[in-house]
Structure formats: structure tokens, C-alpha cells
Amino acid sequence: MQDFRVETFLTVCRTMNYTRAAEELNITQPAVSQHIAHLERAYGTPLFVYRNKKLQLTDAGALLRDALATMAHDERLLRERVRSAVTGARVELAVGMTLTAGEYLVAPPLADYLRRHPELNATVRSGGTGELLALLDAGKIDCAFVEGFFDKSAYAWDLFRTERLVCVCAADHEFATQPVRVEDLFGERLIMRETGSGTRAVLEHALAAQNLTVDGFAHTSVVESLDVIKIFVEHDLGISFLYEAAVARELAAGTLRVIDLEGLAIEHDIAFIRLKNSIFECDFQALFNELPTG
């Protein structure tokens with residue numbers, strides 16, 4: 001059974017602020033300090049340090065966080081499995097998905113999987129990669145499909161599939177001069193996802209590799225909805241960089257077209273991630289193995 005001081009420790013790890021942790025837990029800040037001090041005495045080492053007036057985990061603290069986060073998550077799952085065995089209730093499964101991965105790649109095979117497993121009661125959370133990682137660390141979701149960058153050494157993960165990011169414009173869009181390189185598009189309006197989006201992070205990373213940034217475009221518009229971005233591009237408001245799978249229908253219908261650019265082949269992995277060393281790893285592997293990746 002999870003010690004209440006472990007919950008305090010994990011909350012401080014997530015907020016990196018004693019005061020906010022106290023507010024979330026509805027306890028006093030001195031109580032938070034006492035809980036952390038107790039764990040530091042128990043493990044014989046500092047778990048947090050202040051550097052440049054900012055609270056940071058020590059190496060030992062990071063090691064303990066990873067282990068305790070998995071243990072706390074596994075305890076919750078174990079309680080649900082025991083309850084299911086006793087009462088016959090369905091087993092809860094919380095899955096996170098970034099928007100592109102969820103709507104265009106994962107949803108159909110996941111729906112088939114859930115239909116084959118009526119014993120599962122699924123909850124699906126959408127968000128940016130960073131948001132989903134925070135939910136995973138906090139034990140709010142059990143696994144996630146993400147398209148953004150993450151610390152691969154901090155999680156158990158498998159490659160779901162690799163997708164191509166393409167530049168698209170309206171089918172009837174006319175360029176003054178046919179673009180060949182990314183720089184040739186800088187006079188266009190770039191319609192892009194918000195900061196924190198995996199799609200935007202992949203684009204910015206690819207541009208940075210050529211010493212370019214999104215600031216090079218004459219005009220930019222930030223749109224949080226992928227469907228709205230596609231509508232805007234179809235109506236010739238600007239261009240965008242989107243995963244090919246997300247615009248397959250529009251490309252087939254002829255409302256969008258791909259702008260082929262030299263030296264900018266952007267491919268990125270869609271990953272299936274979960275906490276490391278979980279006692280339920282076999283269950284997560286079974287889920288992953290049942291999902292077609294092609």
C-alpha cells in the first residue's frame with residue numbers, strides 16, 4: 001500500500017514547488033517538507049537541491065521518482081484488477097494520444113482492439129506530448145501514443161510506425177515561382193500547430209537542422225485544431241506541414257497537394273510509451289502486439 005509520503009514526493013516531483021504541492025495535497029508546506037525529509041532520511045541521501053534558486057531533483061531523487069511512479073501506478077492497476085476479479089467489473093484502461101496520432105493512426109486499430117476485449121473500460125485522453133508525459137508520470141494514464149520528442153531512456157517504449165511530414169497547399173494555389181527549397185516558401189503564410197504540439201516540434205527540429213526557424217516565414221498563424229488547419233489550407237489561406245496520413249483523404253480528393261522540396265525529407269516516429277519496469281508490462285506488450293502498425 002502506497003505511503004502518503006510517496007504521494008507527497010511524487011507531487012513535488014511534478015510541480016517542482018513545495019507550495020504548489022501543499023495546495024494540491026491540501027496540507028501545509030511544513031508538512032510537505034517533513035514528508036520529503038523523512039524519505040531523505042530513509043534513503044540516506046538528498047532528493048532535491050536548489051540550483052540558481054530553482055528546485056531540482058538529485059540523481060538519486062530522479063531514480064526514486066521513476067521507481068515510485070511505476071509502483072504507484074501499478075498499485076492502482078492492481079487494485080482495479082482485484083476489484084474486477086471480485087465483482088466482475090470491467091478493467092479500466094486509460095490511454096493517451098497526441099491529436100494526429102490519435103485521430104489518424106491509432107483510433108481505428110484501438111477501436112478494433114477494444115471490440116475484441118469487452119472486459120476493458122477505456123478512457124482516452126488527448127493532448128500534446130509534454131502534457132501526456134505529465135499525465136503518465138502522475139499515473140493518470142496507463143500508456144500513450146505520441147508523435148513528439150521524449151526522453152527514450154526514461155520510459156518503456158515501442159515504435160508504432162514512422163510517418164512522413166509533408167508540406168501541403170491548396171490544390172489550385174499558384175506560386176510566383178515554383179518553390180524548390182524551404183526558403184522559397186518564406187513569402188507564404190505558414191499555418192502551424194501550437195507550441196507543445198508534436199507536429200510543430202518535429203517541424204521546428206527539421207528546420208533547425210538547416211539553420212532555419214518558423215520566424216523566417218512572412219506570416220504565421222497558430223491553429224490548435226488539425227481539421228481547422230486543413231480547412232484553412234484548402235481555402236488557400238496559407239501552407240502547412242502535416243503528417244501525410246492526416247491529409248491522405250484530402251490528397252486523394254484533390255483538395256490539397258504536396259509541395260515537394262529538395263533536402264527536406266521529414267520522417268518521425270510515432271511511439272507507444274509507458275512507465276518502465278511495470279509489473280503489467282506483459283499486458284501493455286499484448287495490447288501493442290495486437291495493434292496493426294502498417
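1. Let's start at the N-terminal end of this predicted model. Helix α1 (residues 4-15) packs against helix α2 (residues 18-25) with the axes 8 Å apart and an angle of about 130° between them. That angle makes α1 oblique to α2, and their crossing is right-handed.

2. Who makes this contact? On the α1 side you will find Glu7, Thr8, Thr11, Val12, Arg14 and Thr15, and on the α2 side Tyr18, Arg20, Ala21, Glu24 and Leu25. Sorted by class, the contact of α1 with α2 has four charged, four nonpolar and three polar residues.

3. Next, have a look at Asn52, in the loop between β1 (48-51) and β2 (54-57). Its relative accessibility is 77%, so Asn52 counts as exposed, the cut-off being over 50%. From the C-alpha atom of Asn52 to that of Phe241 the separation is 38 Å, with the two positions 189 residues apart along the chain.

4. The aromatic side chains deserve a moment too: the structure holds eight aromatic pairs. One of them joins Phe145 and Phe272, with 4.8 Å from centre to centre and 35° between the planes, a tilted arrangement. This pair links distant parts of the chain, as Phe145 sits in strand β5 (residues 143-146) and Phe272 in strand β11 (residues 266-274), 127 residues apart.

5. A last point on the same two phenylalanines: are Phe145 and Phe272 buried or exposed? Both Phe145 and Phe272 are buried. They also belong to one aromatic cluster, formed by Phe145, Phe160, Phe272 and Phe288.

Technical notes
Residues are numbered from 1 along each chain as its sequence is written. This is a predicted model: local features need pLDDT of at least 70, side-chain atom pairs count only at pLDDT 80 or more; totals for chains, interfaces and linings use all residues. Side-chain values use heavy atoms; hydrogens and water are left out. Axes are lines fitted to C-alpha atoms, for helices over the stretch in contact, and angles run from 0 to 180 degrees between N-to-C directions. Helices (H or I, at least four residues) and strands (E, at least two) are DSSP runs, numbered from the N terminus. Angles under 35 degrees count as roughly parallel, over 145 as roughly antiparallel, 65 to 115 as roughly perpendicular and the rest as oblique. A crossing is left-handed if the near helix is turned anticlockwise from the far one by less than a right angle, and right-handed if clockwise. Contact means heavy atoms within 4.5 Å. Ala, Val, Leu, Ile, Met, Phe, Trp, Tyr, Cys and Pro count as nonpolar, Asp, Glu, Lys and Arg as charged, and the others, Gly among them, as polar. Buried means under 20% relative accessible area, exposed over 50%, partly exposed in between (1.4 Å probe, protein chains only). Rings of Phe, Tyr and Trp (its six-membered ring) pair if their centres lie within 6.5 Å; planes under 30 degrees apart count as stacked, over 60 as edge-to-face and the rest as tilted.
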